[in-house]
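Visitor: Please take one part of this model and go through it closely. I would like to follow a single helix from its ends to its surroundings.

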Amino acid sequence: MPREVIYTDQLMRPIAHFSHASRIDNLIHVGASAGVFPDLRLAGEAPGQVDMEAQTRRMFANLKTTLDLLGGQMSDVVRLKAYVADTRDIPKYLAIYAEEFPGLRPAHSVVGSWDFPLPQAAVEIDTTAIVGGQARATPAGAMVAGEWHHATALPIGSNGGADRQVAATLQNLKTMLEDAGFGLGDVCNLHVTIADIRDYDLVVDACTRFFGDRFPTWTVVGAPLERPEFCIGIESVAIKGGGQVISSELSPHLPGRPAPAMLAGDTLFLSGQGTPDDADLSAEQQARAIWKRLHALIEAAGFPKDSLLRTNNVLTDWRDFQGFNRGYGPNVAKPYVPRATVVGALPDRRARVQTEGIAHRNGSHSKIVQVAPLVEQTGA
């Protein structure tokens, strides 16, 4: 059975190879949502001025529309990540976020991105929802929905340097897990944001000691965090019982290192793929090389090639956007899955592109929200 496509004229027409959202079973992945109208006009009335508040309100309205099309609602959101172009605008974003989530709040992360595909876009979000009213917040600040645990751990309680902040963040993550009856062995995926990418080796060493031989999949990006004093933020996804490490010849699993992929039930988490061996590869060539690794890991898990539910992508230079799309496009088929693409720093200075993803055993049967195709106008 092919993917079911839900067409809409209420959302922006994509400018690259992506749809707005996918749903499999009760799980919804919403790709990058921005404060834009269907005709690609950014919200705001003053010509030439970026209106952060107007864009944020329109962005959440677009999120509500997307969720509604897939049978979800804002109270089903378990994870939300915001990317803000100018970190001075974070307080404006947070004030509106608090209005949109006055009660139950998802695991929430706010990071910087130095630019977006749409000129003068001020903010974007990508979102995960679990439909069915089963989500609950824990006293420690995580979100639990059935067997799933979503958390954002920050260096709260640490006034030290990067080493102390990393240790505090990992301890806070452990507390969030244990508070909900989960353990480190249940963690399947980490997304780590480092304010100064030069702290990468420090973070790797700390996480290696912390997780030992249960190191899950992970993605690392260098970007500003919600508060200027923060050195690190860690987003975590855990599933009761944990997962099985999946590797391939192109992405071998090294002892004490992050898993290239992890299979938990019918869900496959794919670590951020990047760092090509050849320093001279273009963004297009790097994207193609990354997709070879992703396809190999999906195949190693026994999943169909078209089982992806979403991807998240990082470019180190926005001038590589077109080249990245030339490498990305041939590896995905219509109807495309949702994605987010932002600018950030990567651990290897040679890398121009990084892609992570989530796949599902039955992902080829998912529902997809996309804009209705244009109808050609012909004369009589």
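Guide: Start at leucine 63. Leaving aside residues up to four places away in sequence, Leu63 touches Val30, Met74, Leu80, Ile125 and Thr127. The model is predicted.

Now widen the view to the core. The largest nonpolar core has 28 residues. Leu63 is among those that touch the most other members, along with Phe60, Leu67, Leu80, Tyr93 and Ile125. Several elements each supply at least two residues: β3 (27-34), α1 (52-69), β4 (77-84), α2 (90-100) and β6 (123-130). The largest share comes from α1, with 5 residues.

So α1 deserves the close look; its 18 residues, at 1.5 Å a residue, should span 26 Å, and its end C-alpha atoms are indeed 26 Å apart.

Next, the ends. Aspartate 51 caps the N-terminal end of α1. One of its side-chain oxygens lies 3.3 Å from the backbone nitrogen of glutamate 53. Just after the helix comes glycine 71, with a positive phi of about 80°.

Then burial. The buried residues of α1 are Met52, Gln55, Thr56, Met59, Phe60, Asn62, Leu63, Thr65, Thr66 and Leu67. Their cover includes four named partners from the core, β3, β4, α2 and β6, and also β2 (21-24).

Take α2 from that cover. The axes of α1 and α2 are 9 Å apart, and the helices pack at an angle of about 35°. Their crossing is right-handed. On the α1 side, Met52, Glu53, Thr56, Arg57, Met59, Phe60 and Lys64 make the contact. On the α2 side, Lys92, Tyr93, Ile96, Tyr97, Glu99 and Glu100 do so. Phe60 and Tyr93 are also listed among the core residues that touch the most other members.

Finally, β4. This strand helps to cover the buried residues of α1. Lysine 81 is found in β4. Is lysine 81 buried or exposed? Its relative accessibility is 2%, under the 20% cut-off, so lysine 81 counts as buried. Two side-chain partners make polar contacts with lysine 81. The side chain of histidine 191 is joined to that of lysine 81 at 3.2 Å. The side chain of glutamate 235 makes its contact at 2.8 Å. Beyond residues up to four places away in sequence, lysine 81 touches Ser109, Val111, Glu124, Ile125, Asp126, His191, Thr193 and Glu235. Ile125 links back to the start: leucine 63 touches Ile125 too.

Technical notes. Residues numbered from 1 in each chain as written. Predicted model: local features only at pLDDT ≥ 70, side-chain atom pairs only at ≥ 80, totals over all residues. Heavy atoms only, no water. Core = buried A, V, L, I, M, F, W, Y, C linked by side-chain atoms within 4.5 Å. Buried < 20%, exposed > 50% of the residue type's maximum accessible area, 1.4 Å probe, protein only. Contact = heavy atoms within 4.5 Å. Expected span 1.5 Å × (residues − 1). Polar contact = N/O pair within 3.5 Å; in protein donor to acceptor, adjacent residues only side chain to side chain. Axes fitted to C-alpha atoms, helices over the stretch in contact; angles between N-to-C directions. Left-handed = near helix turned anticlockwise from the far one by under 90°.
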